[in-house]
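Me: I'm new to this, so could you take me through a single part of this structure up close? I'd like to look at how the domains sit against each other.

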Amino acid sequence: MPTQEDLLATAQCLGRENFLPRAAAYDRAGRFPTENYADLRAAGFLGLVIPERYGGLGVDYASYMEISAELGRWCGATALTFNMHCATMLWSSQMADDLEMTPAQRAAHEQRRIGIYRKVIEDGAIFAQPFSEPNSAAAAGKAPFGTTARKVDGGWLVNGRKHFASLAGSADYYGVLCTEAKETGEADVRDTIYLAVDGGAKGFEISGDWDVLGMRATSSNNLELRDVFVADDHQLMPRGKYYQAALHWPHMFMSLCPTYMGIAQAAFDFTCQYLRGEIEGGPPAGSARHSPAKQMAVAEMRIKLEQARAMFLRAISEAGAKPAKEARLRAYVAQYTVMEFANDICRLALRTCGGRAIFRTMRLEQLYRDSRCGALMLPWTPEICMERLGRESLFEAGES
Ligand SMILES: Cc1cc2nc3c(=O)[nH]c(=O)nc-3n(C[C@H](O)[C@H](O)[C@H](O)COP(=O)(O)OP(=O)(O)OC[C@H]3O[C@@H](n4cnc5c(N)ncnc54)[C@H](O)[C@@H]3O)c2cc1C
């Protein structure tokens, strides 16, 4: 089995040699990075976090987060969409193993995930993870999902609408979070069901025009689901376990931030190369880097980058079931820091490199736009992280 160093080296090689040269064209056309996925599939990366006993590469959460950041350094859209696939695999495997289940639930889950992982390892299937809905309170964890799943013979009937579904049209399956529709009683977040919807299913439709400011190659369109049948063996986690995971395995929501850690690194690298005269169309070698003002700006960027990385590494090293309150709050700090600093480092990079760097032929222009999207990602947006950090610093559980 390859070591973590081997896999990081593969991610770097794929990124530098293949993803980077393609990134501008995908961005310009707003086209999904299909060729990058062919490379990821060929490298065995679709099974990156699937445990070895199912044929995957068995990478754990912390190692995955570092590999994801490396992918994000070369192509943000690839790293962000690939995270939807990897998070689906992580939630159903390593994270599910840490959740309390009855022996019957555990056995049923085991049977189902064997089938799910076979689709990935043997058929090369890609999974999307659309949970966001037009009523964003659900994705923020503050209300039940409006998309419903009603139990029928042999499976579920799913109805509802998702938006911002990255990989729309390019995934084979969509890991949809829904609320179990019951005959009586109010919808409850505890009744969240997590189902893999087949992209070719009857009643499943993709709509919308993903023509956006940043992350243009993520194909994050809308999904409409009308009486879509999902077989029982496509249930990605047992009933109620998503809710339990969200409470007890909070770092599950941090996996969007490595993409932006990578973007921050890329903006820093670009600025140094640009000021050293190594970027075509930039200043000639030797001139710009002598400016004390530019040196100060690069120093500020490096300080922010190191601060973000330190928080990121500390937080991912503390991930696991039922972390201490301090560790959970640090994860919010890390998420906030990475998402906000990534955009700030790109802002500083543009300002420091100057006017020639705003041309679309320059990579920095795309990094700047992509970095802006980090703070929009629910459920841990900077506002939600701030809200929790403030409240939980002043109140203990149970205090009103
Ligand atoms: C490039 C990209 C790819 C995406 N891919 C996916 C995907 O694959 N799957 C998926 O499920 N979603 C995805 N999303 C969606 C994302 O997670 C959000 O759901 C979406 O951006 C929210 O839309 P909104 O800004 O209109 O929400 P709004 O709720 O209107 O958010 C606006 C602002 O309000 C704040 N806010 C919202 N709710 C609360 C609250 N309860 N308390 C305090 N502040 C709050 C937020 O912090 C945010 O700053 C993606 C988004 C982007 C930009």
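Reply: Start with the spacing: in this predicted model, the C-alpha centres of domain 1 and domain 3 are 23 Å apart. To find them along the chain, domain 1 covers 4–125 and domain 3 covers 249–394, with domain 2 at 128–239.

Now look at where domain 1 and domain 3 meet. Here 20 residues of domain 1 are in contact with 20 residues of domain 3. On the domain 1 side, the elements giving two or more residues are α1 (4–29), α3 (61–74) and α4 (76–97). Helix α3 has the largest share of that side, with nine residues. As for what that side is made of, you'll count twelve nonpolar residues, four polar and four charged.

Next, swing over to the other side of the story, the ligand. Domain 2 and domain 3 both give residues to the shell around the ligand, so the ligand lies between them. That shell has 24 residues, and S132, S136, F164, S166 and T381 are the closest. Both β3 (155–165) and α11 (382–394) supply at least two shell residues, and α11 gives the largest share, three residues. By type, the shell splits into 14 nonpolar, seven polar and three charged residues.

Last stop, the inside. The largest nonpolar core has 122 residues, and among the members touching the most others are V158, L195 and V197. Helix α9 (residues 325–353) gives this core its largest share, 13 residues. Zoom in on V158: beyond its close sequence neighbours, its contacts include L195, V197, L225 and V230.

Terms used. Residues numbered from 1 in each chain as written. Predicted model: local features only at pLDDT ≥ 70, side-chain atom pairs only at ≥ 80, totals over all residues. Core = buried A, V, L, I, M, F, W, Y, C linked by C-beta atoms within 7 Å. Buried ≥ 20, exposed ≤ 12 C-beta atoms within 10 Å, placed from the backbone. Helix = DSSP H or I, 4+ residues; strand = E, 2+ residues; numbered from the N terminus. Contact = placed C-beta atoms within 7 Å. Domains from an automatic or database assignment. Nonpolar A, V, L, I, M, F, W, Y, C, P; charged D, E, K, R; others polar. Near = placed C-beta within 6 Å. Lists of a residue's contacts leave out its neighbours within four places in sequence.
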